[in-house]
Amino acid sequence: MSVDQYAQLYDQFKDIMTLNEPMADHTTWRIGGPADVFARPQTIDQLQELIIAAKREQVPFYLIGKGSNLLISDEGIRGIVIQLNGQFERMTFNDDQLLVYAAKGMVAAAYNAMAHGLSGLEFATGIPGSIGGAVAMNAGAHGREIRDVLTYADLLTRDGERIRLSKEELGFSYRHSLIKENGWIVLSASFRLEPGDAQAMQETAKSWARRRSATQPLSLPSCGSVFRNPQGDFAARLIEAAGLKGKRIGMAQISEKHANFIVNLGDAKASEVAALIQLVRETIAEREGILLYPEVKMMGDFEYGGGADGQIDRARGTSS
Ligand SMILES: Cc1cc2nc3c(=O)[nH]c(=O)nc-3n(C[C@H](O)[C@H](O)[C@H](O)COP(=O)(O)OP(=O)(O)OC[C@H]3O[C@@H](n4cnc5c(N)ncnc54)[C@H](O)[C@@H]3O)c2cc1C
């Protein structure tokens with residue numbers, strides 16, 4: 001698509017849009033080519049108007065949160081990349097219910113709840129995504145997941161219709177939800193928490209943080225765990241056993257510290273990360289007869305599709 005094809009949209013939304021925005025500035029991997037259009041709606045009304053206009057102009061759109069689980073191709077994204085902003089950063093407490101809008105950081109929301117003496121989100125104090133991304137991904141750690149505390153989410157469908165779905169209706173499974181499957185947009189999420197001792201929760205969060213920094217390469221750009229754990233095993237264990245720890249392609253490297261992390265040593269390309277993903281999958285399939293599926297979402301065009309479960313959905317631009 002040429003920039004001219006966005007002229008109508010740009011006229012209508014120029015206050016919240018930039019053109020040719022480097023996506024490397026919006027992912028924790030620090031990787032990704034330019035998005036033709038990058039839009040940061042501030043309100044639900046503005047978001048609704050934007051996606052209705054995008055449909056009218058037949059321009060594809062893609063949602064990102066904090067980019068902490070995304071591999072965006074070196075060629076970037078043709079269409080609009082939407083990142084919620086402004087009013088989407090709010091959060092409010094009502095007794096033991098916490099309502100958080102989608103752009104709020106998961107870490108900030110979890111610490112805020114703890115400071116209010118509310119327990120349930122401590123597991124998420126090390127997950128550097130947004131609430132929207134965490135709910136869509138059913139993010140989890142330390143044996144807990146978003147679905148354990150969520151009561152309902154307010155969503156926008158691809159047609160711009162607002163719906164509220166309960167946890168049961170959201171079809172959560174391991175790092176998956178119907179939100180991802182249908183490309184719905186999370187506007188806000190409501191959590192039921194329990195009274196807890198603020199100091200004890202802080203201690204728990206601190207000990208988990210210590211463990212993470214001892215076992216994960218947190219000083220280098222990454223997207224956390226690259227592969228989902230296969231049933232009854234750990235992707236990191238399989239990758240390490242295959243002797244792939246430290247394997248490097250260009251400036252992308254399978255971390256020496258944690259085999260399920262791929263780190264960016266400098267100016268790594270998305271194609272180099274994708275080649276490492278491919279190498280890991282082929283090696284583990286050959287050695288163990290196990291097919292590993294990426295947890296990370298691939299956005300844009302890649303030669304490699306990520307395999308059955310991680311296939312790139314070109315119509316929507318993300319792997320499912
Ligand atoms: C150092 C590190 C440690 C990590 N540790 C963990 C961990 O312990 N557990 C874990 O589960 N994950 C972990 N992650 C991965 C990541 O933080 C989570 O998957 C997070 O939930 C992604 O949120 P995000 O806002 O960054 O989403 P993005 O990466 O921006 O997007 C991920 C997916 O969510 C979708 N999405 C984003 N916002 C919305 C929205 N508002 N509505 C609908 N869909 C949306 C995107 O379209 C995309 O498909 C880690 C990542 C890093 C870098």
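Which residue follows α8, and what is the sign of its phi? The structure examined here is a predicted model, in which local features need pLDDT of at least 70 and side-chain atom pairs count only at pLDDT 80 or more, whereas totals for chains, interfaces and linings use all residues. Residues are numbered from 1 along each chain as its sequence is written. Helix α8 is followed by glycine 289, the phi of which is positive, near 70°.

Helices (H or I, at least four residues) and strands (E, at least two) are DSSP runs, numbered from the N terminus. Helix α8 comprises 19 residues, 270-288, and spans 27 Å from its first C-alpha to its last, close to the 27 Å expected at 1.5 Å a residue, the expected span being 1.5 Å times one less than the number of residues. Its buried residues (20 or more other C-beta atoms within 10 Å of the residue's own, with C-beta atoms placed from the backbone) are Ala270, Glu272, Val273, Ala274, Leu276, Ile277, Val280, Arg281 and Ile284.

Two strands are taken to pair if DSSP finds at least two bridges between them. An open sheet of four strands follows the order β1-β2-β5-β3, with mixed pairing; β1 (17-22) and β3 are its edge strands, each pairing on one side only. Neighbouring strands of this sheet are turned by 35° against each other on average, direction ignored, where axes are lines fitted to C-alpha atoms and angles run from 0 to 180 degrees between N-to-C directions. Within the sheet, β2 (residues 34-39) and β5 (residues 77-83) pair in the parallel sense over four bridges, and valine 37 stands opposite isoleucine 80 in β5.

Five strands form an open sheet with antiparallel pairing in the order β6-β7-β13-β11-β12, in which the edge strands β6 (91-94) and β12 (162-166) each pair on one side only. The average turn between neighbouring strands of this sheet is 15°, direction ignored. Strand β6 pairs with β7 (residues 97-101) in the antiparallel sense over four bridges, and phenylalanine 93 stands opposite leucine 98 in β7.

The ligand is surrounded by 34 residues, of which the closest are Gly65, Gly129, Gly132, Gly133 and Gly224; a residue is counted as near if its C-beta atom, placed from the backbone, lies within 6 Å. At least two residues of this shell are supplied by each of β3 (61-64), α4 (131-137), β9 (140-141), α5 (178-182) and β13 (185-192), and α4 gives the most, with five residues. The shell divides into 17 nonpolar, 14 polar and three charged residues, where Ala, Val, Leu, Ile, Met, Phe, Trp, Tyr, Cys and Pro count as nonpolar, Asp, Glu, Lys and Arg as charged, and the others, Gly among them, as polar.

Definitions and conventions:
Buried ≥ 20, exposed ≤ 12 C-beta atoms within 10 Å, placed from the backbone.
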